[in-house]
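Q: I have a structure open and would like to go through it with you. Could you take my questions one at a time?

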Amino acid sequence: MLDPVLPNQGTNKPTPSTNKPFSPEDETALREALKRCSPSAFESAVQFRKTGNAEHVPAVVIGVIERFVEPDLRIKLKDADDDLRLIEDLGIDSLTMMEIVILVEDVLQMTINNDELRNLRTVGDVKTFIDCKIRGLVLPKPTKFIPIEHIGAVMPVQPPFLFLNEASVSSTAANGKYKITGQEFFLQGHFKDNPVMPASIMLEALGQLAVLYLLEGAPTEPGKVVSPQSIFFTGCEGVRAHRICKPGEILSLSIKPKRMKMPLATFEGAIRVGQEKAVIAEEITLTFLIVDAANAPVSINGSSEHAGNQGGAAVAPATGVPPLRVAMNATG
Amino acid sequence: MPRVFITGLGFVTSIGNDAATVTRNLRELRHGFEVFPPFQKPEIPVKVIGTIKDFATNSPDPEDWTFPAGYKIKRELLRTMAPNGLFAQCAMLQAVADARLTEPDISNAHTGLYAASGGSPYLLHYHNDRLNKVGVMRCSPLGIVASIAGTLNFNLIAAFKIQGSSCGFSSACASSAHAFGFALDDLQLGRQKRMFVVGAEDGNLDAILPFAGMRTLSLQTDPNLASRPFDAARDGFVGTGGGVALVLETEAEVVRRGVTPYAEVLGWGQASDGWNVAISHPEGSGSAAAMTLALRASGVAPEQVDYVNAHATSTLIGDISEARALRSVFQDSALRPAVSSTKALTGHGLSLAGVMESAFCALAIREGFIPGNAHLTKLDPECAGINILRTTENTPPKIVVKNSSGFGGANVALVFKRVA
């Protein structure tokens, strides 16, 4: 887990009402508000309200989510990992999400803005979000899906040596997919009449996903970006191949940052085919540099899109002019 | 023009929560009134309503409500419902089963739903109160769709995945009769093959008590005397809630599905008094015009009508003007047609009234009886000259007219016919 780069700005702290002592009336109101939640959710809420200890928050949040999930789906929450999706797996629509938020706001005495909600897709997103709010930490960037066009636009490496078809990146991890087509030029010789994806290329694919993480997911200060031209491979540890991979198979790649301090970033990585382990890398280390966004070179396809500057990026030359100003100038 | 038939009914009413109970109570003239606990305070002079039995909806949180175990309603649906939404949902489930409709019959481009309710003053009040108390961004995200006028159609369209015409109607006590009329238009014009017509009201303190301000509610404390349409001693209407759903289908659909309809719907008419916001025209001009137009559209002469289910709510002015309208349309015939107001049994269902009483007519036509006008001891002389039935007649009516009137002087008449 990365430490947030930004200092605590204080804007996400719980509302000051938590400063008041927790009264018997508060407990009665809390019991009423959580009357359809599990007893453990209520107990955790009481503990949080009494002590302010954020350790109790996940149990409250899970208890509130559980209360709004149809009974036959609640079993999924019992052993839920953080990747359990709110909409697809739990059937929670945006209105139910509002119900959850309002109840959480009520019992934890906090305020959540509309725009903070849009990116909460998984149970893990919700837990992290509430945890950051309670501790007054800066919210992590939400998981974003990156299609092939965008990957091509931001990556320094390009076809035929780009081994990512799609990817999703959050501040704590990146996942990607690559389908071995059989048309890759190196498969003609690797091996003779027996195309097998080279393990070194699979390690390269993991490295490329780590590059994408640095460009799209790594937390940076406002006005700063990771320079795409600065990223290079430096080393790897504990790399093992468990399975040969052949044309037609889809590689599911995942990396997680372990340490990140300019100029070195270290990741752990894994590749699976379906449920089968294909490659494990205990450590992949890259070098990188953080530069001012204004000085960041325009990326290869002429787009200056990079982390922290979506939206107006397509029209904004990389001059440091805020997108709104550019847009205003553009319309005269 | 396609012929249109009533093929399914569903009831949650003060006189029964299924067609068999409702039929028995209509025949035997058993009312659904009770002393209403929330009214039992010295400062509330109104005491009686038509209560909905086996449902408890006296909480702003639908998950607190109780209703008969046979109805399975997911929280996802329940959370956006007002009490009238719950009543209507249950009535819809009955009507769907009664008409033997399958899911593909319900959810398609040729099946629509028109609904009428006054919204939920109870929940509107509750949610606006919360807004003031806990803050604008912390009031329920579902409060609006659960409470404003239109909540009924929003909920039913979503719950039953309706893909055809849909709309809510708001003409106060003529609302669901209007919904019925326009649903008939959609079918006769070939726009739809099947229409649900639904009416529902909360029927609780917040929905009923505001009528006390205009002195239209009966102050009777005895449930047996409270609602007395056309009686000289009547002193206002008795409020009620509930939900009624009715299925209309074209002849082609009736034949295709092989179902036995309750009755044929011949036509409808509407006309307005052009008179007063809340007081009906003293001569019942709008009501008479609506009946005349409905009969003309149906190709029926006044003397062919066997039974009129009157709007008569047991108010002083309203019953007289309807009696005058009836006399003018049926040419002072003291013999025909038979007239009764079933509000003597149910109370006044406001937006629900038109479709509820149309469904009563459908039951009467199929079961072969004409319900009497209960609680009529001494006929108001102003209402003389029409054949008001005092007891139930066991003769099947062939042609039936249903009257409805609402605030603003809106009047609707519907005409039904016994099938062969």
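Q: How much of chain B counts as buried?
A: Of its 420 residues, 58% count as buried. A residue is buried if 20 or more other C-beta atoms lie within 10 Å of its own, exposed if 12 or fewer, and partly exposed in between, with C-beta atoms placed from the backbone. This is a predicted model, in which local features need pLDDT of at least 70 and side-chain atom pairs count only at pLDDT 80 or more, while totals for chains, interfaces and linings use all residues. Residues are numbered from 1 along each chain as its sequence is written, and chains are lettered from A and ligands numbered from 1 in the order in which they are written.

Q: And what is the buried share in chain A?
A: In chain A, 30% of the 332 residues count as buried.

Q: Back to B. What radius of gyration does it have, and what would a compact globule have?
A: Chain B has 20 Å, which agrees with the value near 22 Å for a compact globule of 420 residues. The radius is taken over C-alpha atoms, and the globule rule is 2.2 Å times the number of residues to the power 0.38. The C-alpha trace of chain B spans about 60 × 55 × 40 Å along its principal axes.

Q: How many helices and strands are there in B?
A: Chain B has 14 helices and 13 strands. These are DSSP runs numbered from the N terminus, with helices being H or I of at least four residues and strands E of at least two.

Q: Which residues meet between α1 and α14 of B?
A: B:Ala19, B:Val22, B:Thr23 and B:Leu26 in α1(B) meet B:Phe360, B:Leu363, B:Ala364 and B:Glu367 in α14(B). Contact here requires C-beta atoms, placed from the backbone, within 7 Å. The residues of this contact divide into six nonpolar, one polar and one charged. Ala, Val, Leu, Ile, Met, Phe, Trp, Tyr, Cys and Pro count as nonpolar, Asp, Glu, Lys and Arg as charged, and the others, Gly among them, as polar.

Q: At what angle do those two pack?
A: The angle between α1 (residues 19-28) and α14 (residues 353-367) of chain B is about 80 degrees, and their axes are 10 Å apart. Axes are lines fitted to C-alpha atoms, for helices over the stretch in contact, and angles run from 0 to 180 degrees between N-to-C directions. The two helices are therefore roughly perpendicular. Angles under 35 degrees count as roughly parallel, over 145 as roughly antiparallel, 65 to 115 as roughly perpendicular and the rest as oblique.

Q: What about α3 and α5 in chain A, at what angle do they pack?
A: Helices α3 (residues 57-68) and α5 (residues 94-108) of chain A pack at about 140 degrees, with axes 10 Å apart. They are therefore oblique to each other. Their contact comprises 11 nonpolar residues, one polar and one charged.

Q: Where is A:Gln109 found, and what is its phi?
A: A:Gln109 is in the loop between α5 and α6 (114-117) of chain A. Its phi is near 55 degrees, a positive value in a residue other than glycine. A:Gln109 counts as buried because 20 C-beta neighbours lie inside 10 Å.

Q: Which peptide bond at A:Pro160 is cis?
A: The bond from A:Pro159 to A:Pro160 is cis, with omega near 5 degrees. A:Pro160 is in the loop between α8 (148-154) and β2 (166-169) of chain A.

Q: Last topic: how many residues does each chain give to the contact between A and B?
A: Chain B gives seven residues and chain A eight. The side of chain B has two nonpolar, no polar and five charged residues.

Notes. Two residues are in contact if their C-beta atoms, placed from the backbone, lie within 7 Å.
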